[in-house]
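Trainee: I should like to work through the packing of this protein, from its interior to its surface. May we begin?

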Amino acid sequence: MAPTNKAERKAVVDVAAWMFNVVTSVGVIIVNKALMATYGFSYATTLTGLHFATTTLMTTALRWFGFIQSSHLPLSELLKFILFANFSIVGMNVSLMWNSVGFYQIAKLSMIPVSCFLEVVMDKIRYSRDTKLSIAVVLLGVGVCTVTDLNINTQGFIAAFIAVWSTSLQQYYVLHLQRRYNLSSFNLLGHTAPAQAGTLLLLGPFLDYWLANKRVDAYNYNLVSLMFIILSCTIAVGTNLSQFICIGRFTAVSFQVLGHMKTILVLIMGFFFFGKEGLNLHVVLGMIIAVAGMIWYGNASSKPGGKERRSLSLPTSRQQKHASFSDSNEHDGNV
């Protein structure tokens, strides 16, 4: 009876963590879209720096009140993480500027096979046939939803390549650091958020001027735009935290696969808030395919052998190792 209760508790926490990430991620996208499209605040990198500055205030306050225990992360590991994370943010912004929307979406979809490659090479993970097929169905569905054209140019391809690999490495590294140094999501965020805030707020205004040809200090700030900026930063605290929680519990591949539910919700929310022209039979069909693929992936990857770590040991010890891997501590659970 106890294992069943433990499994049920884990399932409840997994669902809560995932819903937390979905709600905050979709919320921050909708707020940012309104801020940029309606109020002309086109300074994405600087805004991301403000997000991490607000997250730093949150983690500092939690540490001050004793909710976060002191922990250690080597400087070399922190610098590698910041390198991957900042190249991810900058790469995505530049990729969106230099590429067509269709190729930008294809690049985002390619993060799933890249993340799979990293898990296979670095963690010796093996995927079952059903798990691989379910991932392919998700990619197909989201592709049908979002890809409209495939104009490719050299500089755009390079930007997309850097963005995809740096994002995949950053997400892989979240789980790697949590496991290697026994860090909770709060601990890891407390180490990384200040460094990301500092670097992005330092470089963001220059990068945004290059991308948008507008200076952030010359923006016509008013009460409404400031309220949207504050709202965006507040929601982003939840987005940043929930990303670390979800990757720690699910792994980067599952986070990417199930994360495309956010893409579908953004399309639906955009239909309600910003106009009906984007939602048609073609898009709805893609949504249905993608959701079916996500359900299949959740079922296939949770079955024995659906997604497991390879081992060179004897079969009995291999089974024990797999059981231990599946029932690891709360913030490192896998789907």
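Mentor: Please do, bearing in mind that this is a predicted model.

Trainee: Which residues have the most contacts inside the largest nonpolar core, and how many residues does that core have?

Mentor: Trp 18, Phe 81, Ile 135, Leu 188, Val 253 and Val 257 have the most contacts inside the core. The core as a whole has 46 residues.

Trainee: Which helix gives the most to this core?

Mentor: The leading contribution is 6 residues. These come from the helix spanning residues 223-250, namely α9.

Trainee: Which residues does Ile 135 touch, leaving aside those up to four places away in sequence?

Mentor: Two of the partners, Val 253 and Val 257, are themselves among the core residues with the most contacts. The full set for Ile 135 is Ile 112, Cys 116, Val 253, Val 257 and Tyr 297.

Trainee: How many residues are in the second, separate core?

Mentor: Its members include Met 92, Tyr 104, Ala 160 and Ala 163. In total, this second core has 9 residues.

Trainee: How many aromatic pairs does a search of the whole structure find?

Mentor: The search covers the whole structure. The number of aromatic pairs found is 14.

Trainee: What is the geometry of the pair formed by Trp 98 and Trp 210?

Mentor: The ring centres are 5.7 Å apart and the planes meet at 90°. Planes over 60 degrees apart count as edge-to-face. The pair of Trp 98 and Trp 210 is therefore edge-to-face.

Trainee: Why does this pair tie together parts that are apart in sequence, and how many residues apart are they?

Mentor: Trp 98 belongs to helix α3 (residues 75-98), whereas Trp 210 belongs to helix α8 (residues 185-212). The pair therefore links parts of the chain whose separation in sequence is 112 residues.

Trainee: Are Trp 98 and Trp 210 buried, partly exposed or exposed?

Mentor: The relative accessibility of Trp 98 is 26%, and that of Trp 210 is 47%. Partly exposed residues lie between the 20% and 50% limits. Trp 98 and Trp 210 thus both count as partly exposed.

Trainee: How are the rings of Phe 103 and Phe 157 arranged?

Mentor: Their centres lie 6.4 Å apart, with 35° between the planes. This angle is neither under 30 degrees nor over 60. The pair is therefore tilted.

Trainee: Which helices does the pair of Phe 103 and Phe 157 tie together?

Mentor: The parts joined are 54 residues apart in sequence. Phe 103 is in residues 101-109 and Phe 157 in residues 154-180, so the helices are α4 and α7.

Trainee: Which ring of that pair is buried, and which is partly exposed?

Mentor: Phe 103 has a relative accessible area of 8%, so this residue is buried. Phe 157 has 45% relative accessibility and is therefore partly exposed.

Trainee: Which element gives the largest share of the nonpolar surface patch?

Mentor: The patch is formed by Leu 83, Phe 87, Ile 152, Phe 157, Ile 158, Phe 161 and Ile 162, with about 680 Å² of accessible area together. Two or more residues come from each of α3 and α7. Phe 161, a patch member, is placed in helix α7 and is partly exposed at 47% relative accessible area. The largest share, 4 residues, comes from α7.

Trainee: What percentage of the residues in the protein is buried?

Mentor: The protein has 335 residues, arranged with 12 helices and 2 strands. The buried portion is 47%.

Conventions
Residues numbered from 1 in each chain as written. Predicted model: local features only at pLDDT ≥ 70, side-chain atom pairs only at ≥ 80, totals over all residues. Heavy atoms only, no water. Core = buried A, V, L, I, M, F, W, Y, C linked by side-chain atoms within 4.5 Å. Buried < 20%, exposed > 50% of the residue type's maximum accessible area, 1.4 Å probe, protein only. Contact = heavy atoms within 4.5 Å. Phe/Tyr/Trp six-rings, centres within 6.5 Å; stacked < 30°, edge-to-face > 60°. Patch = residues over 30% accessible without salt bridge, like charges linked within 9 Å, V, L, I, M, F, W, Y side chains within 5 Å. Areas by Shrake-Rupley, 256 points an atom, 1.4 Å probe, with all protein chains shown as cover. Salt bridge = Lys/Arg side-chain N within 4 Å of Asp/Glu carboxyl O.
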